[in-house]
Amino acid sequence: MTVTTPASRGRLRAAASQAWGAVALPVLSILLALVVGGVVILVSQLLEPNGSLNPIRPFEAYRSLFLGAFGNVDNVVETLVQTTPLVLAGLAVAIGFRAGLFNIGAQGQFTLGALGAVIVGVALADQPGFVAITAAVLAGTLVGAAYGFIPGFLKAISGAHEVVTTIMLNYVANSILAALVSGPLKVPNSPSPVTRDVGNAAFPILIGTDGHLGLLIALVMAFVIWWLLFRTTRGFEIRTVGANPDAARYAGMRPKLITVFTMSLSGALAGLAGACVVLGVTHKMQSSFATSVGFDAIAVALLARSNPLAVLPSALLFGAMRAGSNRMQVEARIPPELINVLVATALLFLVATPVLRRVLRMRGARPVTDATPTIARSYGGSGSGPGVP
Amino acid sequence: MRGITKRYPGVVANDHIDLSVHPGEIHALLGENGAGKTTLMNILYGLARPDEGEILLDGRPVTIAGPSDAIARGINMVHQHFMLVPVLSVADNILLGEETMANRVFLDRNEARRRIIELGQRFGFAIDPDVRVGSLSVGWQQRVEILKALYRNARILVLDEPTAALTPAETEEIFAVLRRLAAAGHSVIFISHKLYEVLEIADRITVIRRGKVVGERDPGATNEDDLAELMVGREVQLVVDRGDSHPAGVELQVSDLRVHDDRGTEVVRGVSFEIRAGEILGIAGVAGNGQDELVEAIIGLRKPTTGRVVLTGRDMTGRSPRALTSAGVGYVPADRHRFGLVLPFPIADNLVLTTYYRSPFAHGVVRDDGAIEQNGERMVHEFDIRTPSPTVPAGTLSGGNQQKIVVAREFERDLRLLVLDQPTRGLDVGSIEFIHRQIIAKRDAGVAVLLVSAELDEVLEMSDRIGVMYRGEIVSIVDGRTADKEKVGRLMATGAQLEAAEAAGKAASA
């Protein structure tokens with residue numbers, strides 16, 4: 001006992017400090033971002049026509065932001081609806097990071113996933129709900145997977161970097177959407193290019209007026225992806241390839257195969273996010289998709305440190321800010337673009353960990369996110385990524 | 001340095017260390033991995049601040065704020081991994097960070113060249129300042145590092161394991177340079193694990209163990225056994241008693257293997273050999289003569305262009321690493337950080353890196369975390385891996401303990417063939433002794449062992465037969481128990497087919 005007690009106590013302490021280390025920096029980043037946002041609000045008053053400095057304005061803004069997100073049941077449901085695609089797309093980016101891949105193409109996979117779901121949903125609009133919904137969800141997921149497969153395959157066979165290919169594929173996705181919706185999918189005689197309604201393929205509402213089936217799907221997927229990453233051999237392979245592709249090869253894993261698999265899975269999750277938005281919220285599609293879910297997902301994954309379960313609170317934070325920004329605009333007359341300032345500032349603090357650590361005099365040099373090496377490698381151009389011979 | 005103490009959470013890295021170095025002295029700092037040598041030198045070089053104690057230069061206490069401050073005070077460090085830019089010339093590398101300016105805008109390259117040539121001549125190694133560093137051998141790159149320090153008017157030169165990548169001949173040459181430096185009044189602090197080197201070069205030896213100075217020795221009044229015992233804290237068997245080997249049938253047969261490196265150059269040029277069960281074949285050679293590629297071709301990481309790799313009668317040429325693992329091949333890679341370990345992963349995960357996919361560590365696609373953790377606990381115990389717990393990331397351990405993870409993982413399977421590439425590189429005597437014992441135990445259990453090492457002594461002490469590799473060819477295979485160090489060393493350096501070695505080779509294969 002005398003031997004085990006200090007050891008187990010040390011382990012407890014290590015676990016506690018590890019948990020603190022994981023949570024502390026994201027939380028501090030957000031708090032600091034709120035401070036910076038407050039300063040922006042304060043200063044921007046001076047630019048107004050008869051600008052006077054109202055020192056409590058930032059607090060008013062944050063109060064209405066919070067109430068807009070969590071003030072009553074409807075607000076909470078709206079927050080959850082905004083959170084849903086962020087969870088799924090955030091998981092897509094996070095699992096990419098785990099394999100050392102920087103999937104900037106979540107936006108394109110999201111768009112085409114939505115399109116796939118709409119096409120099948122419209123075609124099966126009169127079929128029984130269960131059939132229509134299942135088919136439409138599968139269609140969105142598979143289209144997203146196929147669109148993620150392309151950059152994964154290109155990387156595996158030629159070393160083409162996924163950052164470059166996915167950015168380009170985002171443009172292609174937008175063009176495909178515009179071409180199809182203003183062409184073959186357009187409702188005849190409609191003044192603006194828009195598809196038909198998905199009819200019976202629309203998600204059932206589970207809570208409140210808007211809380212659709214997608215909420216449940218997103219929640220379940222977070223646990224599924226966590227289980228895949230940490231409890232299966234394939235997840236171990238994904239993490240090994242991400243952490244050290246050379247060691248993975250040495251250990252008999254096939255990094256190229258894992259790259260293709262992970263990019264396809266990432267695309268599938270982003271496509272599923274798209275399907276949830278069209279089947280759960282819009283029920284049809286216009287020729288352009290006014291959303292930045294695929295890009296916000298990168299921030300969600302970074303803040304969650306690529307941990308699938310941490311994606312849930314991380315996405316909730318972003319969903320809440322999106323949901324609350326309307327009320328902030330109405331009540332406190334703060335433009336919703338401030339949200340972008342908050343998000344960007346929080347990410348800057350998060351990515352600039354060494355600075356933050358020094359400012360806060362925190363010990364140790366643990367990297368902030370597991371994605372940090374991926375991002376560094378993406379821009380540093382060192383050829384050690386998987387698939388690069 | 002007086003009473004230097006440095007604490008990190010949970011450990012005292014330096015515990016009231018006193019170290020004095022005189023002008024014109026070569027002072028060796030000896031200690032195991034993690035004994036605190038590096039911490040002490042980092043403090044001297046301004047990379048870390050001591051919690052207690054002071055540094056005196058010429059009798060006056062000084063505070064060293066950082067490396068640039070240290071350099072300004074004449075303290076320079078040559079790191080184990082060179083800090084050189086391969087695509088730049090020698091002169092440009094030396095000018096980096098210490099630019100000799102003709103005016104405010106332009107460098108004065110002519111003046112710099114003149115000074116470099118003059119310094120080189122003064123210390124006995126004339127070097128062309130215009131040659132690209134990337135085209136130099138490791139030994140010459142090291143001289144560039146030393147020149148860099150001299151160019152910055154270094155008075156105290158710290159060399160961190162300077163001989164790790166050198167051939168015996170190159171080591172001699174560097175020693176000659178160091179002696180000249182000392183004769184000119186420079187102080188040299190020489191960090192090493194290698195006892196015989198320390199005895200040869202040092203004027204004084206300070207031994208550190210667990211953060212404390214445990215002894216100071218005069219090289220004339222000590223020997224390797226004494227130093228090893230001081231370093232490790234117990235009696236160490238420097239040369240493991242290898243006993244008799246009892247080779248059985250041929251386990252691995254390699255014939256006319258040709259392999260290209262990443263740039264498409266043929267670096268293994270028609271290599272053939274065989275290893276019997278219960279036998280150790282050593283491959284001696286200066287690093288970079290095709291050994292790494294040879295090993296990679298054998299274990300399936302690299303496809304040979306021609307030739308055969310036959311394991312226990314089965315043709316395994318070009319098969320995947322997974323196929324070879326399943327066929328009973330264990331492999332300890334030369335670069336444990338790059339290939340052998342996933343540093344951010346827990347020790348337990350690293351211990352199943354090559355077996356994670358099969359029972360008992362996985363059932364179908366689902367990992368068995370319980371079995372993985374149990375295996376971790378057991379291995380940590382059996383292989384004496386010094387860690388608070390198998391859940392700790394592998395990257396937090398010292399080099400010796402990291403290597404024990406790789407060894408534990410690869411040795412603990414049902415093996416037919418064990419491929420070891422530099423299994424003890426950078427390790428201290430205690431860890432080397434441990435790993436050598438494990439290798440002998442595997443040999444006695446009937447495993448065929450291929451031991452590749454740039455450490456000639458290691459090959460000589462362990463091998464039943466020794467193949468000398470030079471420029472992609474095995475130029476000679478000699479008997480490991482009768483081989484002469486001088487001759488093998490000369491073969492390594494020149495590839496010359498000495499008659500005596502030839503004869504021994506014939507005798508051995510007969």
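How many bridges join β6(B) to strand β7 (residues 156-160) of chain B, and do these strands run parallel or antiparallel? Four bridges join the two strands, which run parallel, and within this pairing I156(B) of β7(B) is the bridge partner of I75(B). Strands here are DSSP runs (E, at least two residues) and helices likewise (H or I, at least four residues), numbered from the N terminus, and two strands pair if DSSP finds at least two bridges between them.

The model is predicted, with local features requiring pLDDT of at least 70 and side-chain atom pairs pLDDT 80 or more, whereas totals for chains, interfaces and linings use all residues. Residues are numbered from 1 along each chain as its sequence is written, and chains are lettered from A and ligands numbered from 1 in the order in which they are written.

In chain B, an open sheet of six strands with mixed pairing follows the order β6-β7-β8-β3-β9-β10. Its edge strands, each pairing on one side only, are β6 (75-78) and β10 (212-217) of chain B, and the twist from one strand to the next averages 20°. Helix α6 (residues 168-183) of chain B lies across β3 (26-31), β7 and β8 (187-192) of chain B, at about 145° to β8(B), while helix α8 (residues 224-232) of chain B packs on the sheet by touching β3, β9 (204-209) and β10 of chain B, with its direction at about 35° to that of β9(B). Contacts require C-beta atoms, placed from the backbone, within 7 Å; axes are lines fitted to C-alpha atoms, for helices over the stretch in contact, and angles run from 0 to 180 degrees between N-to-C directions.

Technical notes:
Two residues are in contact if their C-beta atoms, placed from the backbone, lie within 7 Å.
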